[in-house]
Structures are given as structure tokens and as C-alpha cells.
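Dear colleague,

I am handing over the structure below, and my notes on it follow. Please read them with the model open beside you.

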Amino acid sequence: MAGDATQDVPWLSPAAANRLLTCPYSVTYLPTGGRPVLKQTAGRDVGTLAHVALQRWIETGSWRSAVGDGELARLFSSVAEERGVDVAKVADGRMTAARLRRRASELREVLCELGGEPSAECEVTLYDDDRRLWGTVDVLLPSRRGPVVLDLKSGGDAAATAVPDSIAVQLWMYAALIERCRGARPRWLGVYSLRRGLKQVALPSDRLTTLLHSLNEVRAGWLSGDRTAIPTREHCRYCRRRPDCQPHWNAVSQWSDPDGVEGRLVEATTAQNGRTAALPATPTGSAWVSDVSTRGMGGWIGRWVRLVRVNPRRDQDGEPDLSRWRANEQSAVYAVEDR
Ligand code: SF4
């Protein structure tokens with residue numbers, strides 16, 4: 001059968017494509033065989049709740065008139081309730097509700113202006129069976145001059161002034177999928193950030209061709225075992241392989257702005273507020289890390305620990321002081337196999 005050979009070629013979603021392009025070592029699995037299916041998860045984090053509320057608001061057509069503006073924040077509350085989340089008690093919950101209230105009218109105007117048609121599709125999953133690419137578009141608006149693609153962002157990833165490369169690659173992949181599946185290249189691509197509003201992503205046609213070619217090459221390399229680790233602060237920050245990725249731990253102390261420290265835990269003191277001050281003996285000296293929220297670190301004394309997304313204090317010259325660190329809500333601690 002003609003399709004047999006292609007069944008062994010892994011499918012690439014925008015997220016997998018990004019990871020392959022930035023650090024092939026970070027990719028441990030890619031689906032092969034028939035078309036992958038989007039997993040529906042009942043996420044409980046604030047970003048997911050906001051995302052679901054936005055989708056329901058669009059799907060139900062509440063965005064079509066100013067009367068529905070208040071409905072967006074109400075949907076956020078009802079999604080949170082369904083999933084057992086008290087938004088008043090979780091980080092960023094109240095702030096996200098306020099952003100939804102404030103942004104609803106602007107988003108309605110954006111949708112009306114860009115689409116110009118009284119319809120919008122949400123969560124549209126598209127497949128390119130030849131290139132083995134797939135992805136799920138947040139919002140697809142029809143318009144006389146061509147489709148409009150809008151990705152909804154509630155977190156900080158789209159809050160920077162410039163749209164990060166990872167989001168540009170994601171949108172370019174959507175553009176390639178829409179061209180293949182709907183027969184027309186999108187006339188407009190962009191994100192709507194709850195924090196920063198609307199941002200367009202340009203689509204230079206030559207770069208789309210280059211991207212698709214690069215994806216083929218890097219996927220073929222990955223399949224043949226070429227899975228080089230490329231540690232950078234930006235890409236390692238939330239990587240799932242981070243706790244055990246030795247190439248990253250070899251590199252982190254050399255970064256100008258390191259956000260990870262490791263060593264053998266010699267002391268852990270927990271204050272009445274539940275925060276722990278941990279003292280790992282690192283390869284270059286001792287390092288106090290304050291404000292760690294992980295509980296039970298006292299049981300890890302003598303073990304090798306790795307703390308990520310922690311910040312070194314700065315000396316008078318603004319240089320990182322690697323003997324004093326502070327954790328925050330994003331930080332994580334792992335006890336790993338002995339070194
Ligand atoms: S931690 Fe960094 S180097 Fe290691 S796999 Fe992840 S992105 Fe790559």
C-alpha cells in the first residue's frame with residue numbers, strides 16, 4: 001500500500017516542531033501511524049480555565065454583540081466552578097477574571113473587524129497527511145479576503161513586546177495546514193493576549209517554505225538518532241527533561257543569568273510560614289536557597305538535589321552571587337540519583 005511507508009514518519013504538532021527545532025534532545029516521543037487525536041484534558045490551572053471560557057464565549061456567539069461582553073468573565077467563573085477551582089484562592093485567579101472583564105469588548109471588536117462574517121470556528125484540528133503535520137487552531141474566522149487565524153493566550157508567553165519565535169512557528173504551521181486543508185493561505189495571523197491584546201505575526205512566504213524544509217530535515221535526523229542537546233536559558237526553563245538532562249546541568253552555571261543550582265543537600269530549615277531555606281553543597285561551594293515552598297526537604301539531607309527556576313541574588317555590580325538564591329512560585333526542586 002502506498003501509505004505504508006509514511007506510517008513510520010512521525011507526526012509533528014506545532015509544540016513538537018518547536019522542540020525539535022530548538023533542542024532535538026528534548027523530544028522523547030513522536031506519534032506514528034494514523035492521525036493523532038487531540039487529548040481533551042480538564043486542566044485546572046488559571047490559563048486553561050481562561051482558554052476554555054474564551055472558546056465557549058466564541059462558540060456560543062456571545063462575542064457578536066456588546067450585550068455578551070459581561071458573559072466572558074461569567075463563563076470563566078462557571079468553568080472554574082465545574083472544575084472545582086476557587087479563583088479567589090489560586091495565583092492569578094482574580095487578576096485573570098479582571099482581565100477577562102476588561103478585554104471582552106476589545107476582543108469582540110477585534111473578532112468583528114478581522115472576520116467580518118457572523119461565524120467563527122474554535123478548536124479546529126487540521127491534518128496534512130503528506131507532510132505529517134497536524135495542529136489545532138484556537139479560532140478560525142472566515143473573511144472575504146481569506147481565513148484569519150487567532151491564537152488565544154492567557155499566560156506570560158505572549159506578553160513580551162515581540163512575539164517569541166515559538167509562537168511564530170506555531171502560527172506558521174497553522175498557516176501551512178490551513179492552506180493545505182482549506183485551499184487558501186490565511187490573510188492574517190496573530191495572537192490575542194489577555195495581558196497585551198492583539199499582536200499580528202507576519203507570514204513571509206519564503207520563510208514558510210524554509211520552515212517546512214527544516215522540519216523535514218530535523219525530523220529525519222531525530223529518527224536516525226541525531227538528538228543533540230542544545231541548552232539555552234529560554235528553552236530549558238520549562239523543559240520536562242530538565243531535572244535529569246546532564247548537558248543542561250553542565251551548561252547552566254556558565255549562563256550569564258543562571259536559573260538553576262544543584263548540589264548535595266546539607267541543611268534544610270523550614271520556617272513557621274512553611275518556606276524552607278535549603279543549603280546544597282555545590283561543586284563550587286555552598287549555596288543558600290531561600291523561600292522554597294516544597295515540603296519535606298529535611299528528608300532529603302545527604303541527597304543530590306536540583307533546584308530550577310530559582311534566581312541568584314545580585315552583588316553590588318549586578319553580577320549573580322551564586323552562593324545566595326531565592327525561590328519563587330515557579331520554582332521546583334528534585335532529588336535525583338546520586339552523582
Ligand atoms: S533541559 Fe535544555 S538541553 Fe536539556 S533537553 Fe531540555 S531544552 Fe534540551
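How do the residues of the shell around the ligand divide into nonpolar, polar and charged? They divide into nine nonpolar, three polar and two charged, where Ala, Val, Leu, Ile, Met, Phe, Trp, Tyr, Cys and Pro count as nonpolar, Asp, Glu, Lys and Arg as charged, and the others, Gly among them, as polar.

Before going further, please note that this is a predicted model, in which local features need pLDDT of at least 70 and side-chain atom pairs count only at pLDDT 80 or more, whereas totals for chains, interfaces and linings use all residues. Residues are numbered from 1 along each chain as its sequence is written.

Of the 14 residues around the ligand, C23, S26, C236, C239 and C245 come nearest, a residue being near a molecule if its C-beta atom, placed from the backbone, lies within 6 Å of it. The elements that give two or more residues to this shell are α7 (233–236) and α8 (246–252); helices here are DSSP runs of H or I with at least four residues, and strands are runs of E with at least two, numbered from the N terminus.

By an automatic or database domain assignment, the protein chain is divided into domain 1 (5–35 + 117–223), domain 2 (46–115) and domain 3 (233–336). The ligand shell draws at least three residues from each of domain 1 and domain 3.

As for domain 1 and domain 2, 19 residues of the former are in contact with 18 residues of the latter, contact meaning that the C-beta atoms, placed from the backbone, lie within 7 Å. On the side of domain 1 that touches domain 2, β1 (121–128), β2 (133–141), β3 (148–153), β4 (188–193) and β5 (197–200) each supply at least two residues, and the residues of that side divide into twelve nonpolar, four polar and three charged.

The largest nonpolar core (buried Ala, Val, Leu, Ile, Met, Phe, Trp, Tyr and Cys residues joined through C-beta atoms within 7 Å) has 56 residues, and A53, F76, L100 and V149 have the most contacts inside it. Its largest share, ten residues, comes from helix α5 (residues 165–182), and the core draws at least three residues from each of domain 1 and domain 2.

Helix α2 (residues 46–59) has buried residues including L49, A53 and W57, buried meaning that 20 or more other C-beta atoms lie within 10 Å of a residue's own. Their cover includes α3 (71–82), α4 (93–115), β1, β2 and β3.

With best wishes

Definitions and conventions: Two residues are in contact if their C-beta atoms, placed from the backbone, lie within 7 Å. A residue is buried if 20 or more other C-beta atoms lie within 10 Å of its own, exposed if 12 or fewer, and partly exposed in between; C-beta atoms are placed from the backbone.
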